[in-house]
Amino acid sequence: MAVVVTGKRLDQNHSRTKGSFVRVRRTDLEKLTTEVMQLREFLPRVLNGLCVDKEHLGHEQEQLRQECLHLQSRLDAVQSECQREREEKLLLRDQLWQSGSELQQQADFCSAVGSAACSLLWSCSSREDSVTAWLAHGKLQSFLIVASQTLESFVKSLDDDMKTLTEDPNSSEHQFVLALVGTITNIAAVACGRDFLSSSGHVLLDALMKLLELMKPGVFPSLKVLSLMALYNVSISVKGLQYMSENKGLVPLIWTLLDDGHWEVCHHCLRLLQSVLLEEEALLLLGSSLLNPDLRVRVSRLTSSVQPSLRAAALQTLEDLQALQQDQ
């Protein structure tokens, strides 16, 4: 038995009837009825699920909005802090620049005062009785400490930045060190003074040799000459020469200074070398390095110098080296 319904054609295989009616099979109608019932059953669940999802999304959106507000608040606070720190940094930079400028002025002033005072001391040390009086009254010990610390500091500045020594030979700092080394040279020229330096001035002697090592060839010959004169004066003392000979860098230092290019530096370097060659204990300590052919070659080159005193010293030193080689 067939059932008719209004609507569009449900099956192309069904025969079309008159008007807008179509004929369908019962099984198709039952299937359609089942699908409609299923839709009525599941549609509310789907709608409820959508509502729940919508509500959940709403909560998440609100939570994200709150987090965004919190982050924005933190960002504003951090930006304010950065701005405050930037202003403080600029202020500190200005203060640092001002402090650095003031410190430099104070350093320049101290260097000028030290240079003037040490120049006066240098002049006074040229009198033997002054050095004797300083030693008798215990003044040399405190001077030795200050001189050692000053030279060590100056040597360290050379080690860190050679510009310190190449900027201006007439600077207060250079004049201060020059007068200090000149005073040491005069002290070492007096017998009691060099004996004192030989026993209590080891740090100072090391600083002088380090100073000569760091200065480049041809740079500030006056400072090199005074340093070499001080070492030579100390070498007159057996204890002083023995201590310097124990330094393995003494002969390499002499090699370098023989090629300095300034004749006075070479001359005083030869005098120091001659002092070493005349002491048997020094020869025992430095014999192998003194026999190095390179040393004789450098001394031999100086025998053709146009400076008479340098040429004479080179000839004498070369004879001493040859005699030492024959003895060995």
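A search of the whole structure, a predicted model, finds 10 salt bridges. A salt bridge here is a side-chain nitrogen of Lys or Arg within 4 Å of a carboxyl oxygen of Asp or Glu. Side chains of opposite charge can pair when their charged atoms come close. In this predicted model local features need pLDDT of at least 70 and side-chain atom pairs count only at pLDDT 80 or more, while totals for chains, interfaces and linings use all residues. Residues are numbered from 1 along each chain as its sequence is written, and side-chain values use heavy atoms, with hydrogens and water left out.

Three of the pairs are set out below.

| Salt bridge | Closest N to O distance | Helix |
|---|---|---|
| R65 and E62 | 2.8 Å | α1 |
| R84 and E81 | 2.2 Å | α1 |
| R298 and D294 | 3.0 Å | α13 |

Helices are DSSP runs (H or I, at least four residues), as are strands (E, at least two), numbered from the N terminus. Within α1, R65 and E62 are three residues apart, about one turn of the helix. R84 and E81 are likewise three residues apart in α1, so about one helical turn separates them. In α13 (residues 293-302), R298 and D294 are four residues apart, again about one turn.

Accessibility is given as relative accessible area (buried under 20%, exposed over 50%, partly exposed in between; 1.4 Å probe, protein chains only). R65 is partly exposed at 42%, and its partner E62 is partly exposed at 36%. In the other α1 pair, R84 has 37% and counts as partly exposed, as does E81 with 31%. D294 in α13 is partly exposed as well, with a relative accessibility of 30%.

The R298 and D294 pair also belongs to a network of salt bridges that links D259, D294, R298 and R301.

Aromatic contacts come next. The search of the whole structure finds zero aromatic pairs. Such a pair requires ring centres of Phe, Tyr or Trp (its six-membered ring) within 6.5 Å, with planes under 30 degrees apart counted as stacked, over 60 as edge-to-face and the rest as tilted. One ring does have a charge over it: the charged end of R271 sits 4.0 Å from the centre of the Y232 ring. The criterion is NZ of Lys or CZ of Arg within 6 Å of the ring centre and within 35 degrees of the ring normal.

Pockets are found on a 1 Å grid over the protein atoms alone, as open sets of points where a 1.4 Å probe fits, with protein on both sides within 12 Å along at least five of seven lines; lining residues have an atom within 4 Å of a point. A volume is the space filled by probe spheres set on the points, which are joined across faces, edges and corners.

The largest pocket has a volume of about 280 Å³. It is lined by 13 residues, and A107, S111, F154, E173 and F176 are the closest to its centre. At least two lining residues come from each of α1 (26-125), α3 (139-160) and α5 (172-189). By class, this lining has four nonpolar, seven polar and two charged residues. Ala, Val, Leu, Ile, Met, Phe, Trp, Tyr, Cys and Pro count as nonpolar, Asp, Glu, Lys and Arg as charged, and the others, Gly among them, as polar.

The second largest pocket holds about 210 Å³ of space. Its lining has 18 residues, with M209, L212, E213, L214 and L253 nearest the centre. The elements giving two or more residues to this lining are α7 (202-214) and α10 (250-258). α7 gives the most, with six residues. The lining of the second largest pocket divides into nine nonpolar, three polar and six charged residues.
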